[in-house]
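Please look at the chain below and follow it from pockets and cavities to helices, charged pairs and loops. Each paragraph takes up one kind of feature.

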Amino acid sequence: MSKSMEFIKIKNFIDGEWVEETGVDFVPLYNPSTGEAIGEVPLSSQATSLAAVESSYAAYDAWHKTPIAKRMQYIFKMRQAMIDRIEALAVAIAVDQAKHISEARGEVQRVIEILETASGIPTLIQGETLEGIAGNINGRVIKQPIGVFGGIAPFNFPALVFGWFIPFAIGVGNTFIFKPSTQSPYFMQKMGDIFQDIGLPKGVINIVHGNRSVPETWYEHPKMSGVCLVGSTPTAKKIAEGCGRGGKRSMLLGGAKNFLVVMEDYQKDLFLENYVISCFGSAGQRCLAGSIVAAVPEIYDELIESLIEVSKGIKVGDAMDPDVYMGPVISADAKKKIENYIDIGIEGGSNLVLDGRNPAMPAKNQNGYFIGPTIFTDVTPCRTIAQEEIFGPVVSVMKISGLEDVLQLIRDQKFGNGACIFTQNLYYTERFIAEADVGMIGVNVGIPAPHPYLPFGGIKDSHLGTDKVQGKDGIDFFTQNKIATIRFAPPTGQFVGEDGKKVVAKDGKAPAVRSCVAQ
């Protein structure tokens, strides 16, 4: 471990205090850039998980009754604290998640923007009123918080997933339990300090580290209201089953296999810039990473030459090196899995034109988990590397006959997260937007990630549930609608009957409504 960095002992954050877990197993925390152990993460006990539920449940009553303006003050304070500590937060991501420091800064900045969006909750949470339903009857829809939610983060976006879940959940009045990935928990240690520093009431946010046993305590717990996940599709389906048994709300984002479609009228420089960002940013470890480049015959051969050339120019190395573009993958197991997919691609008959395995590294990074940009060409849709999520810097280049062909390929996929098209043709653009069977579309952009004001999420096996994260969908998921039907009358005892005429009832009481629908 670096002499300049102390051993990181990850702690749980329960009821507003840091709690060091004892009597449980710990897993090592690694720096993927060097392969060295830099800390340890507790696999928290069931008792700790249940204590977090009790803490959040106890905090809910006072928190959801806190005036919304006061809750927004905490959101404002959280935003300012993140601005003040943006570099420390980014370094925390770069150290254990090994996202390159420039991208880590961008991730923290996006969370700040999400907090700015969440500060609009007083407007976004407003309900509806319908006057004059019948006589002296009005109707009202009221959006209210629900209770305690749990959230599970993947390793690849420790900050962003916090931003997707927590500001909206607590902003509308819920309380929250957050389980970071055991591979990238350091960011949330920094956030726990912020929660204390801004005076966030105890129990509003709890942080519990561990494996799948942590969320398993939530599914059927009577004091839990819902569960959120960003992770793999198999994990999402298991959680959906658990939430179904327990009658909990669930918002579950799963895997992906995203197309970058290149038409004959594409702008070359624009595409290549976006290709690099999409396919090799975050070392390809994100749900909106470009995985398949699908090109029409007119440009296929020249495009391959350009892809190889620009990909060879990408510098791979330590996530803290400002001269590096792409850092390592998250773990030795992830590296081995990606290398296995490369072997599968070769054995399946695809043409490996750029092999990113075993890139040269300086001495201090010899044990890091590095894979450079890797490109297969002449990939057909039936091959494994064209169907399964690799989650690394591996690109499959596929020849398509035209727009109809690629639209069908996208329809045939089990995933439906995102897809992008590069064209100047309005017909291609509108057809693609209308018919590409995915949840998020990009036109001349390589990562179709919506800004915080809009919902984020896919369809098919990429998303289980109805609501998506952030934007108005985030508000809807974390609230429930209460509908009020209100009959009112003046104190004189006069009421308006079904025919619109005034009716005077005995003893000043309204005549009974004798229908299942209020008249």
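Which helices each supply at least two residues of the lining of the second largest pocket? The model to be searched for the answer is a predicted one. The helices are α4 (101–118) and α6 (158–171). Of the two, α4 can be named as the source of the largest share of the lining, with six residues. The second largest pocket has a volume of about 490 Å³. Its lining is made up of 24 residues, and R110, F157, L160, R286 and A449 are the closest to the centre of the pocket. Sorted by class, the lining of this pocket holds twelve nonpolar, six polar and six charged residues.

Next come the cavities. Empty space inside a model can be found by rolling a probe the size of a water molecule over the atoms. Here the search gives two cavities of 30 Å³ or more. The largest cavity holds about 110 Å³ of space. It is lined by 14 residues, and those nearest its centre are G284, A289, S291, I390 and F391. Six residues of this lining are nonpolar, five are polar and three are charged.

The second largest cavity has a volume of about 40 Å³. Several stretches of the chain meet around it: the lining consists of Q97, A98, K99, H100, E103, S282, A283, Q285, G327 and P328. By class, three of these residues are nonpolar, five are polar and two are charged. Two names from this lining, K99 and S282, return further on.

Now turn to helix α1. This helix covers residues 46–65, which makes 20 residues. From its first C-alpha to its last it reaches 30 Å, close to the 28 Å expected at 1.5 Å a residue. The helix bends by about 35° at A59. Which residues of α1 are buried? They are T48, S49, A52, V53, S55, S56, A59, Y60 and W63. A59 is thus both the place of the bend and one of the buried residues. When reading such a list, it helps to know that an α-helix has 3.6 residues a turn, so residues three or four places apart point the same way.

The charged side chains are the next topic. Side chains of opposite charge can pair when their charged atoms come close. How many salt bridges does the model have? The count is 21. One of them joins K99, from the lining of the second largest cavity, to E107, with 2.8 Å from N to O. Are the two partners buried or exposed? K99 is buried because its relative accessibility is 3%, where the limit is under 20%. E107 is also buried, at a relative accessible area of 4%.

A second salt bridge runs between D461 and K237, at 3.4 Å from N to O. D461 lies in the loop between β21 (459–460) and β22 (463–464), and K237 lies in helix α9 (residues 233–246), so this pair ties together parts that are 224 residues apart in sequence. D461 is partly exposed, with 21% relative accessibility. K237 is partly exposed as well, with a relative accessible area of 37%.

A third salt bridge is formed by E404 and R431, at 2.7 Å from N to O. This pair also links distant parts of the chain, because E404 belongs to helix α14 (residues 403–412) and R431 to helix α15 (residues 426–435), 27 residues apart. E404 is partly exposed, with a relative accessible area of 48%, whereas R431 is buried, at 15%. Through salt bridges that share partners, E404, R411, R431 and E435 are joined into one network.

Finally, consider the backbone in two loops. What is the phi of S282, which is not a glycine? It is positive, at about 55°. S282 sits in the loop between α10 (268–280) and β14 (290–295), and at 9% relative accessibility it counts as buried. Q470 is another residue other than glycine with a positive phi, near 60°. Its place is the loop between β22 and α16 (471–477). Q470 is buried too, with a relative accessible area of 1%.

Note on methods:
Residues numbered from 1 in each chain as written. Predicted model: local features only at pLDDT ≥ 70, side-chain atom pairs only at ≥ 80, totals over all residues. Heavy atoms only, no water. 1 Å grid on protein atoms, 1.4 Å probe; cavity = no way out; pocket = protein on both sides within 12 Å on 5 of 7 lines; lining within 4 Å. Points joined across faces, edges and corners; volume = space filled by probe spheres on them. Nonpolar A, V, L, I, M, F, W, Y, C, P; charged D, E, K, R; others polar. Helix = DSSP H or I, 4+ residues; strand = E, 2+ residues; numbered from the N terminus. Expected span 1.5 Å × (residues − 1). Bend = angle between axes of the 7 residues up to and from the residue. Buried < 20%, exposed > 50% of the residue type's maximum accessible area, 1.4 Å probe, protein only. Salt bridge = Lys/Arg side-chain N within 4 Å of Asp/Glu carboxyl O.
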